Amino acid sequence: MGDVYPFPGGSSPQIGFTRAELSRIIDLYGRMVAAGFWKDYALEFGKDHAAFWAFRRTAERPEFKIEKRPSLRNKQGMWALINEGGMVMRRGHELGPVLAPVERRLMKVVG
């Protein structure tokens with residue numbers, strides 16, 4: 001057969017979400033869309049972090065940013081929930097408690 005060559009441009013490692021993490025985030029996104037809060041999303045993968053952006057409308061700033069920074073794993077936690085103004089609302093070592101404020105907001109609408 002042929003030889004396998006690496007993709008040009010070098011192999012810079014990217015941070016990403018695991019299947020379970022992305023499933024949890026997309027599940028929350030789907031429930032927020034069904035409730036009429038969110039309309040669009042974006043994903044960002046970088047060398048030091050991965051982020052999920054949730055938008056009320058496509059043309060606006062994101063309402064929430066869910067960020068994973070593994071370099072902060074041993075400090076304040078690798079997960080962060082950041083609001084529209086850029087303020088960190090919640091930070092932690094696990095995804096569930098970090099998403100709690102958004103899920104609480106959804107519970108108020110349903111309840």
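This report walks through the fold, the aromatic pairs and the salt bridges of the protein shown above.

## The model and its confidence

Welcome to a predicted model. Its mean pLDDT is 85, and 89% of the residues reach 70 or more. Confidence varies along the chain: strand 2 (residues 50–55) has the highest mean, at 94, while helix 2 (residues 95–110) has the lowest, at 81. Here is a tip for reading any model of this kind. Where pLDDT is low, the predicted coordinates should not be read in detail.

## The overall fold

If you trace the chain from the N terminus, you will meet the elements in the order α-β-β-β-β-β-α. That gives 2 helices and 5 strands.

The protein has 111 residues, and buried ones make up 35% of them. On the outside, about 7,300 Å² is exposed, with carbon and sulfur atoms supplying 56% of that area. Now for the contacts with a separation of 6 or more: residues 24 or more positions apart account for 34% of these.

## Aromatic rings

A pair of aromatic rings is described by the distance of the centres and the angle of the planes. The structure holds 7 aromatic pairs. One of them joins Tyr29 and Phe52, with 5.9 Å from centre to centre and 70° between the planes. This arrangement is edge-to-face, because the angle is over 60 degrees.

The Tyr29–Phe52 pair links distant parts of the chain: Tyr29 sits in helix 1 (residues 19–34) and Phe52 in strand 2, 23 residues apart. Both rings belong to buried residues, so look for them inside the model: Tyr29 has a relative accessible area of 12% and Phe52 one of 1%. The two are also members of one aromatic cluster, formed by Tyr29, Trp38, Tyr41, Phe52 and Phe64.

## A buried salt bridge

Side chains of opposite charge can pair when their charged atoms come close. The count for this model comes to 9 salt bridges. Among them is the one between Lys68 and Glu21, whose closest N and O atoms are 2.9 Å apart. Lys68 lies in strand 3 (residues 62–68) and Glu21 in helix 1, so this salt bridge ties together parts that are 47 residues apart in sequence.

Both partners count as buried because their relative accessible areas are under 20%: Lys68 has 7% and Glu21 has 14%.

## A charged network on helix 1

Arg24, in helix 1, forms a salt bridge with Glu103, and here the closest N and O atoms are 3.8 Å apart. Glu103 belongs to helix 2, 79 residues from Arg24, so you can follow this pair between distant parts of the chain. Arg24 is partly exposed, at a relative accessible area of 35%.

A second salt bridge stays within helix 1. Asp27 pairs with Arg31, with 3.4 Å between the closest N and O atoms. Asp27 and Arg31 are 4 residues apart, about one turn of the helix. Asp27 is partly exposed, with a relative accessible area of 43%, and Arg31 is also partly exposed, at 33%. Salt bridges with shared partners join Arg24, Asp27, Arg31 and Glu103 into one network.

Conventions: Residues numbered from 1 in each chain as written. Predicted model: local features only at pLDDT ≥ 70, side-chain atom pairs only at ≥ 80, totals over all residues. Heavy atoms only, no water. pLDDT = per-residue confidence, 0-100. Phe/Tyr/Trp six-rings, centres within 6.5 Å; stacked < 30°, edge-to-face > 60°. Buried < 20%, exposed > 50% of the residue type's maximum accessible area, 1.4 Å probe, protein only. Contact = heavy atoms within 4.5 Å. Areas by Shrake-Rupley, 256 points an atom, 1.4 Å probe, with all protein chains shown as cover. Salt bridge = Lys/Arg side-chain N within 4 Å of Asp/Glu carboxyl O.
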